[in-house]
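The following exercises are to be worked through with the sequence and the structure in view. Each task is followed by a solution in steps.

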Amino acid sequence: MRMRTKIKKRNSLILLLGLLFFLSCGTGEHVRLRIEMPRKAPINLGDFEEITITSFLVKEEAKDFDLNKELTEYFAVEFGQKVKNKISSTEVSLQNEEVFQDKTFWQKVSPDKKGTLLFTGSLEYTEEVRKAIKSASKRRFEEPFPEESRIEERRFYSLSLHLYLIDAQSGDALYKRTFKESKAYKNPNQTAYFAFCDMMLNIRDKLFRQILGEEQIQERYLIK
Amino acid sequence: MREMNKKTILLLLLLSLFMLFTRCAPPLPKSQLHFGILAAQRDLWDEAIFRWKKAVQLEPDSSSAHNNLAVAYEKKGLWEESGKEYEVALELNPKNEYIQANYEKFKQRMEKGNEDEDKDKKKK
């Protein structure tokens, strides 16, 4: 009995020593961290007092709604919620894609206002109905009302949006980016307007994440 | 036999105490590094920067301190400082895979158009 307690004591002492060794030398040489890192914003919106949303160059009009009006209103609301700058809108006549490189054209848009950033761009919105034959699935057993092959319709929408942020004073394009989105719907009641709103949500998230330099989770190693 | 056991245990005890307080215990710059890591893990990045700056002062050739400082600067959005620190860390320790990985990710983020655009291209 006495012998047993002694063995137990000795074992616990050895365990304690092992622990001391472990603590004294530490383990591993790096620490992996998941950090919310800010992005480098391509443009400092704080340098501008006002953001003016201009008309867009619509390459292909939608049948059911006014794309230009929808887009300017949409961005006016979104910018108003996300940034502190004053938001306004103005109508300009855009003839072709080359106009975005024409500095003098943009300098004339708001010559009286200093510190204005112009938000503009062009877009293409297309709608197409695709049909396909859906073959009946093979069943192992006979059914009283067997499924027949039939033609199914899908509505495809695609939106290509080229956006520019232009310094009204110099006419320089400080930011430009193309967003391409497409959606397909089985439901015939999902209209072109519905698809447009759906796709604009994705574009909005990507756009603001970029221009505001919003945080994103990143993995980095710290070394001991 | 019993005497020998006692002696061995005593010897091991002395050895571990010696290691704890001398050889394996982190020297001053190391402890600053460690303290900085603890602060970063608690999201106290200003404190972490303060500690890692001290570590760099005490040991300018510490690639770990420069790397950690670069990460902290990146977190604070100080891109230029971060880039410089990563470069110093890589110069001091070019084969360190962790520094390389950090710097690669940093460079990717700094490139124009960054990640979203890349994702869009991949989707296409």
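**Exercise 1: One helix and its two sides**

Determine which residues of α4(A) are buried, and which are exposed on the other side.

Step 1. The buried residues in α4(A) are A:Ala195, A:Phe196, A:Met199, A:Met200, A:Leu207, A:Gln210 and A:Ile211. They lie on the same side of α4(A), because they cover an arc of only 125 degrees around the axis (the arc is that of the directions from the helix axis to the C-beta atoms). A residue is buried if 20 or more other C-beta atoms lie within 10 Å of its own, exposed if 12 or fewer, and partly exposed in between, with C-beta atoms placed from the backbone.

Step 2. A:Cys197, A:Leu201 and A:Asp205 are exposed on the other side of α4(A).

Step 3. An α-helix has 3.6 residues a turn, so residues three or four places apart point the same way.

A note on the model: it is predicted, local features need pLDDT of at least 70, side-chain atom pairs count only at pLDDT 80 or more, and totals for chains, interfaces and linings use all residues. Residues are numbered from 1 along each chain as its sequence is written, while chains are lettered from A and ligands numbered from 1 in the order in which they are written.

**Exercise 2: The make-up of chain B**

State how many helices and strands chain B has.

Step 1. Chain B has seven helices and zero strands; helices (H or I, at least four residues) and strands (E, at least two) are DSSP runs, numbered from the N terminus.

Step 2. Of its 124 residues, 30% count as buried.

**Exercise 3: Helix pairs in chain B**

Find how α4(B) is oriented relative to α6(B), and α3(B) relative to α4(B).

Step 1. The axes of α4(B) (residues 63-76) and α6(B) (residues 97-110) come within 11 Å and cross at roughly 25 degrees. Therefore α4(B) is roughly parallel to α6(B). Axes are lines fitted to C-alpha atoms, for helices over the stretch in contact, and angles run from 0 to 180 degrees between N-to-C directions.

Step 2. α3(B) (residues 45-58) packs against α4(B) at about 150 degrees, with the axes 9 Å apart. This makes α3(B) roughly antiparallel to α4(B). Angles under 35 degrees count as roughly parallel, over 145 as roughly antiparallel, 65 to 115 as roughly perpendicular and the rest as oblique.

Step 3. Among the residues of α4(B) that meet α6(B) are B:Ser63 and B:Asn67.

Note on methods: Contact = placed C-beta atoms within 7 Å.
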